[in-house]
Amino acid sequence: PNDDMFARLLDLHRHGGPDSLQVTRTFNGVQHWMRSSGVRLDDDLAVTFSDITQQRSTEEAVRHSEAQFRILANTAPVLIWMTDAAGRPTWLNQTWVEFTGRQVEDALRMQLGDLVHPDDQAQRRATAREFMAARLPFRSQYRTKNKEGAWRWLDESAAPRQDHNGVYAGYVGACSDITEIVEARRELELRVA
């Protein structure tokens, strides 16, 4: 043991512990992460070492994957949201925040349909309620207010999501601003009529 480990064991012997820490050790030229746990037993010490290299590697891969997802989701030109199993929003991407002008903390206290135009709210809520109850993907179109206070048409696609155990965990959805398409279609209909 190095000086730090010796000081740790002395402290453990004096005060009893338990303690637990992660340390690196090199075996045959390969660095390993070890979890060392210790406790005093009467006048002796019991210290265990567990190789957690694979666990640390897996955790780092998950952190990297989450970081990559956030970069992708936050730079996507669509509004992306996630809910928990009860339908409460749990995550919104940066595009959603910029589009609505709402702070994330405030937005997470709302229902996702709260910003929907009053004329579209009943239909949007009924569609979401029906499909979410059956845990099926759904699509809807409605108007919502942007940060400038203008009503914009959104095309929303949503699907149920599962946690790492395959248990229903809520919904994930994406909304595209289709205002120009809706307005162009209406203008064309007026010209044809």
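This report walks through the salt bridges and nonpolar cores of a predicted model.

## Salt bridges at a glance

Let's begin with the charged side chains. The count of salt bridges in this model comes to 11. Several of them are worth finding in the structure above, and a few are described below.

Arg152, Asp177 and Glu180 belong together: salt bridges link these residues in a network.

## Two bridges that involve helix H5

Start with Asp114 and Arg125, a salt-bridged pair whose closest N and O atoms are 3.0 Å apart. Asp114 sits in the loop between helix H4 (104-107) and helix H5 (118-134), while Arg125 is in helix H5, so this pair ties together parts that are 11 residues apart in sequence. Asp114 is partly exposed, with a relative accessible area of 37%. Arg125 also counts as partly exposed, at 29% relative accessibility.

Helix H5 also holds Asp120, the partner of Arg143 in strand E6 (residues 138-145), and this pair therefore ties together parts that are 23 residues apart in sequence. The closest N and O atoms of the Arg143 and Asp120 salt bridge are 2.8 Å apart. Are these two residues buried or exposed? Both Arg143 and Asp120 are buried.

## The Asp84 and Arg88 pair

Asp84 and Arg88 form another salt bridge, with 2.9 Å between the closest N and O atoms. If you look at the accessibility of each partner, Asp84 is buried, with a relative accessible area of 17%. It falls in that class because buried means under 20% relative accessible area. Arg88, on the other hand, counts as partly exposed at 48% relative accessibility, since the exposed class starts over 50%.

## The nonpolar cores

Now for the nonpolar side chains. The largest nonpolar core has 17 residues, and those touching the most other members are Leu79, Trp81, Trp96, Leu154, Tyr171 and Cys175. Which elements each supply at least two residues of this core? They are strand E4 (79-83), helix H3 (94-100), strand E6, strand E7 (151-162) and strand E8 (168-177). Strand E8 gives the most to the core, with 3 residues.

Another core lies apart from the largest one. This other core has 5 residues, including Ala73, Ile80, Met82 and Trp91.

## Putting the pieces together

Strand E6 is a handy place to connect both topics. Arg143 of strand E6 pairs with Asp120 of helix H5, and strand E6 is also among the elements that supply at least two residues of the largest core.

Terms used
Residues are numbered from 1 along each chain as its sequence is written. This is a predicted model: local features need pLDDT of at least 70, side-chain atom pairs count only at pLDDT 80 or more; totals for chains, interfaces and linings use all residues. Side-chain values use heavy atoms; hydrogens and water are left out. A salt bridge is a side-chain nitrogen of Lys or Arg within 4 Å of a carboxyl oxygen of Asp or Glu. Buried means under 20% relative accessible area, exposed over 50%, partly exposed in between (1.4 Å probe, protein chains only). Helices (H or I, at least four residues) and strands (E, at least two) are DSSP runs, numbered from the N terminus. A nonpolar core is a set of buried Ala, Val, Leu, Ile, Met, Phe, Trp, Tyr and Cys residues joined through side-chain atoms within 4.5 Å.
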